[in-house]
Amino acid sequence: MQPEDRRVVEALRAGDEAAFMKLMREYGPMMLRVALMYVSTRAVAEEVVQDAWIGVFNGIGRFEARSSLKTWIFRILTNTAKTRAQREGRSIPFSSITSPDGEDGGAVDPERFLGSGERFPGHWGTPPRRWGPDERLLSAEAQGVVDAAIAKLPPAQQAVITMRDVEDLDPEDVCNALDITETNQRVLLHRARSKVRQALEEYMR
Amino acid sequence: MRLDRELTCAQLVELVTDYLEDALSPEDVERVEEHLVFCDGCTNYLEQMRATVAASGRLRTEDVPPELQERLLTAFRDWSRA
């Protein structure tokens, strides 16, 4: 077990409220954000988070750290959310790559590549330029652009990029959480990242 | 996808995620890297994709609302005293 995880687990088992609050502030936002991908309202998502924590409390005595604490909490959360979504009669088919995500073009507007009549078909006609200073990319405005681009994605792409890139969860855990294959996960991640890059490129211009 | 030895830029942009995820065959990794050597456009593209991943990772997720924090703390107390 990671030493940090071990300390936290022992503190929770001992009923240490400060340790619980710290852990909850660390993972609570991730849990809420992820729960919202499975259920229809914020109120239900909050209930899912609460039920998941109760699952964490009840399971902590048996936690053996085959995974990190974060991964273990994430699994409890997604299992709780899936059960709740089923009960609501709402289950999102995250596996569907096309519908209901709708038709998806390539990663880049085809117009930006040279056509078949050109000397180098398929090569850049309008190549991407280097992005300017890092300060712009790090600005609150750029963060807003990324946030808005993710919010506009179809549900499955949004779920994958949120879990992988925003919350930094492992691909394997994301596949299990969404009941999708690794290939499927990569396709969804690719589409999602491509669109967010596109939005950032427009902003960085 | 069956690829010719030489990739076009249009093909490369579709391989970028598999490349970053280490999901390409060694031969395709070679093709991608050979292409990158002479293509500034694709080098910039790959850099932008990396920067995009990093930007998503910097997003601040909103805090747990105070009422929910209260409820969770109560649940923790109930559990630890039980």
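Here a colleague quizzes a modeller about a predicted model of chains A and B.

Colleague: What makes the 57 residues of the largest group a nonpolar core?

Modeller: The term covers buried residues of nonpolar types, joined through C-beta atoms within 7 Å. The largest such set has 57 residues, and A:Met31, A:Ala35, A:Val49, A:Leu77, A:Val146 and A:Val160 touch the most other members. Helix α2 (residues 17-38) of chain A gives the largest share, twelve residues.

Colleague: Why do you say this core lies between domain 1 and domain 2 of chain A?

Modeller: Both domain 1 (3-87) and domain 2 (110-126 + 133-204) of chain A contribute residues, so the core lies between them.

Colleague: And what makes the second core separate?

Modeller: Membership depends on those links within 7 Å, so a set not joined that way counts on its own. The second, separate core has 16 residues, including A:Val108, A:Phe113, B:Cys9 and B:Val53.

Colleague: Which residues is A:Val160 in contact with, leaving aside its neighbours within four places in sequence?

Modeller: They are A:Val174, A:Leu178, A:Gln185, A:Leu188, A:Leu189 and A:Ala192. Being in contact here takes C-beta atoms within 7 Å.

Colleague: How do you know that the two domains of chain A touch, with 28 Å separating their centres?

Modeller: The 28 Å is taken between the centres over C-alpha atoms, while touching is judged residue by residue. Eight residues of domain 1 of chain A are in contact with nine of domain 2 of chain A. On the domain 1 side, α2 and α4 (69-87) of chain A each supply at least two of these residues. That side splits into four nonpolar, two polar and two charged residues.

Colleague: What tells you whether chain B is a compact globule or not?

Modeller: Its radius of gyration. A compact globule of 82 residues would come out near 12 Å, but chain B has 23 Å. I conclude that chain B does not match the compact-globule value. The box around its C-alpha atoms is roughly 65 × 25 × 15 Å along the principal axes, and 28% of its 82 residues count as buried.

Colleague: Why write chain B as α-α-α-α?

Modeller: Reading along the sequence gives that pattern, and the secondary structure comes to four helices and zero strands.

Colleague: Last one: what makes up the side of chain B that touches chain A?

Modeller: 37 residues of chain B are in contact with 46 of chain A. On the chain B side, α1 (9-20), α3 (40-57) and α4 (66-81) each supply at least two residues, and α3(B) gives the largest share, twelve. By type, this side divides into 17 nonpolar, twelve polar and eight charged residues.

How values were computed:
Residues are numbered from 1 along each chain as its sequence is written. Chains are lettered from A and ligands numbered from 1 in the order in which they are written. This is a predicted model: local features need pLDDT of at least 70, side-chain atom pairs count only at pLDDT 80 or more; totals for chains, interfaces and linings use all residues. A residue is buried if 20 or more other C-beta atoms lie within 10 Å of its own, exposed if 12 or fewer, and partly exposed in between; C-beta atoms are placed from the backbone. Domain bounds come from an automatic or database domain assignment. Ala, Val, Leu, Ile, Met, Phe, Trp, Tyr, Cys and Pro count as nonpolar, Asp, Glu, Lys and Arg as charged, and the others, Gly among them, as polar. The radius of gyration is taken over C-alpha atoms; the globule rule is 2.2 Å times the number of residues to the power 0.38.
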